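Open the model in your viewer and set the display to show both cartoon and side chains. The stops below go from enclosed spaces to open ones, and then to helix contacts.

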Amino acid sequence: MSTIASLIDKLAQERDLPDQELLELITTTDSAANELLAARADKMRQQYYGKKVYIRGLIEFTNYCKNNCYYCGIRAGNGQAQRYRLTKEQILDCCAEGYRLGFRTFVLQGGEDPYYTDERICDIVAAIRAQHPDCAITLSIGEKERASYQAYFDAGANRYLLRHETAAPEHYARLHPASMSLANRKRCLFDLKEIGYQVGSGFMVGSPYQTPANLLADLRFLQELEPDMIGIGPYITHEQTPFADKKSGTAEQTLRLLSILRLMFPYALLPATTALGTIHPNGRELGLKAGGNVVMPNLSPVSVRKLYELYENKICTGEEAAQCRGCLEARVRMAGYEIVTDRGDVAKSML
C-alpha cells in the first residue's frame with residue numbers, strides 16, 4: 001500500500017506517471033488504495049470547483065441510428081427496438097421546461113440518424129439559441145464531416161460530446177463493424193477542437209475484450225486531445241446485441257479510473273454518469289466523491305425515455321423532468337455537494 005500511496009501522491013503532484021506506474025494504479029484492487037485515490041481526487045476537484053456540481057439537461061431526441069456498434073441497444077441491426085424521433089417543437093418544449101427548472105446547459109443526444117440533416121439540426125440549434133441566449137447548447141450526435149460541425153457551431157452550438165470509446169485500434173475493431181474506424185472518430189474530435197467547441201470525449205470501462213493496456217491507451221489519447229469534458233461509465237450489457245453474453249463492467253473499476261482522470265485532468269468536467277447509477281444504487285454519489293462534478297438529469301418526455309436504451313435497466317426512465325431534477329439535487333446534497341445552475345464552463349483558466 002505504501003508504494004501505491006506514493007504513486008497517488010506523485011500523480012496528484014505531476015498529473016502524469018510512466019506507463020508501468022500508471023498501469024499499477026489502473027489495475028490495483030486494493031480497497032484502501034481505491035479509497036485513497038477517491039479522497040485525493042475529491043480534494044483536487046474541490047481545489048478547482050469547490051463543492052459545485054453542474055447540471056446538464058439531457059434531451060434524447062432520436063433513437064434511430066445508422067451504425068451497428070456491437071455493444072449498443074439502439075444499433076441499426078436491433079429489429080426489436082421501438083424507434084422514435086422528437087419534433088423541433090417537442091425539443092423546444094423540453095428546453096423551456098428545463099430552463100424553468102434552472103438548467104443552463106442543454107444536451108441534445110441521439111443516434112446517428114440521417115433524418116436529422118444538417119439543415120434540420122441547424123434549425124433546431126438556432127431556435128434554442130434564440131429562445132435561450134444565455135445557455136450552452138451541447139450536441140452529441142456522432143461522427144460528421146467538418147463542414148457539418150462548422151455549420152452547427154455557426155448556428156449556435158458550443159459544446160460537443162463524442163466518446164472515442166477505446167483508443168486502441170485493435171480493440172476498436174472488436175467493438176465496431178468494419179464500416180467504422182477509430183481514425184475517423186479521432187479526426188472528428190480534433191476537427192471539433194479546431195472549430196472552437198468545448199469538446200467532451202471518454203470511454204467505456206470493462207467493455208468486452210478490454211485490457212489494462214487498452215485503458216492506458218485511453219488515458220494517453222486523452223492527454224493528446226486535452227478535452228474539456230471526459231465521460232466514462234461502466235459497459236453494461238444489452239440482450240439485443242451481439243455482446244448479450246458478455247459481462248458488464250464494474251462500479252469499482254469505473255470509480256478508480258474516474259479518480260485517476262481527476263488527478264490527470266484537474267480542470268476537466270467529469271460526469272457521475274447514469275450508467276454508474278444503473279450499476280450501483282449509489283453510483284452517482286460515489287462518482288461525485290471520486291472526483292466527478294457533473295450530473296445529467298433527463299429532460300426527455302417520459303413517453304420515450306424507456307426507448308432510448310443503450311444498455312439494459314437504465315435508471316430514471318419514469319420520472320418527470322422536475323422529479324428527476326429534484327431527486328438528483330437531493331442525492332447531490334446528501335453526498336456533501338451543491339447543484340449550481342450556471343453554465344458550468346471548464347476551469348482551464350486555473351492551470
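Four cavities of 30 Å³ or more are present in this predicted model.

**Stop 1: the largest cavity**

Select Q109, S140, R163, E165 and L310, which lie nearest the centre of the largest cavity. The volume here is about 1,000 Å³, and the lining comprises 43 residues. To see where the wall comes from, colour β2 (57–62), β3 (105–110), β6 (198–205), β7 (229–234) and α11 (274–279); each of these elements gives the lining at least two residues. Which element supplies the largest share of this lining? That is β7, with five residues. Coloured by residue class, the lining of the largest cavity shows 23 nonpolar, 13 polar and seven charged residues.

**Stop 2: the second largest cavity**

Next select R56, V107, T138, R159, Y160, L161, Q198, V199, G200, D228, M229 and L269, the lining of the second largest cavity. The space inside is about 80 Å³. Two elements to highlight are β5 (159–161) and β6, each of which contributes at least two lining residues. β6 is an element to keep selected from the previous stop, as at least two residues of the largest cavity's lining also come from it. By class, the lining of the second largest cavity consists of six nonpolar, three polar and three charged residues.

**Stop 3: the largest pocket**

Now turn to the pockets. Select S31, N34, E35, A38, E252, L255, R256, L286, K289 and A290 to outline the largest pocket. Its volume is about 200 Å³. Three helices, α3, α10 and α12 (283–289), each give the lining at least two residues. The largest share, four residues, is that of α3. How many residues of the lining are charged? There are four charged residues, with four nonpolar and two polar ones beside them.

**Stop 4: α3 against α10**

Keep two of the pocket's helices on screen: α3 (residues 31–49) and α10 (residues 251–264). Their axes are 8 Å apart and the packing angle is about 40 degrees. The two helices are therefore oblique to each other. The crossing of α3 past α10 is left-handed. On the α3 side, select N34, L37, A38, R40, A41, M44, R45 and Y49; on the α10 side, select E252, R256, S259, I260, R262 and L263. These residues make the contact, and by class they are seven nonpolar, two polar and five charged. Several names return from the previous stop: N34, A38, E252 and R256 are among the residues lining the largest pocket, and they are also among those in this helix contact.

**Stop 5: α2 against α10**

Hold α10 in view and add helix α2 (residues 19–27). The two axes come within 9 Å of each other and cross at roughly 140 degrees. That angle makes α2 oblique to α10. Select L22, L25, I26 and T27 in α2, then R256, L257, I260 and M264 in α10, to display where the helices meet. The classes here are six nonpolar, one polar and one charged. R256 and I260 of α10 take part in this contact, and both residues also belong to the contact with α3.

**Stop 6: the second largest pocket**

Clear the selection and pick G73, N78, Q80, A81, Q82, H238, E239, Q240, K306, L307, E309 and E312, which line the second largest pocket. This pocket has a volume of about 160 Å³. Its lining holds two nonpolar, six polar and four charged residues.

**Stop 7: α4 against α5**

For the last selection, show helix α4 (residues 88–100) and helix α5 (residues 118–131). What is the angle between them? They pack at about 30 degrees, and their axes are 10 Å apart. Angles under 35 degrees count as roughly parallel. α4 and α5 are therefore roughly parallel to each other. Their crossing is right-handed. Select K88, I91, L92 and C95 of α4 with D123, I124, A127, I128 and Q131 of α5 to see the contact. By class, this contact has six nonpolar, one polar and two charged residues.

Key:
Residues are numbered from 1 along each chain as its sequence is written. This is a predicted model: local features need pLDDT of at least 70, side-chain atom pairs count only at pLDDT 80 or more; totals for chains, interfaces and linings use all residues. Side-chain values use heavy atoms; hydrogens and water are left out. Axes are lines fitted to C-alpha atoms, for helices over the stretch in contact, and angles run from 0 to 180 degrees between N-to-C directions. Angles under 35 degrees count as roughly parallel, over 145 as roughly antiparallel, 65 to 115 as roughly perpendicular and the rest as oblique. A crossing is left-handed if the near helix is turned anticlockwise from the far one by less than a right angle, and right-handed if clockwise. Contact means heavy atoms within 4.5 Å. Ala, Val, Leu, Ile, Met, Phe, Trp, Tyr, Cys and Pro count as nonpolar, Asp, Glu, Lys and Arg as charged, and the others, Gly among them, as polar. On a 1 Å grid over the protein atoms alone, a cavity is a set of points where a 1.4 Å probe fits but cannot get out, and a pocket is an open set with protein on both sides within 12 Å along at least five of seven lines; lining residues have an atom within 4 Å of a point. Grid points are joined across faces, edges and corners, and a volume is the space filled by probe spheres set on the points.
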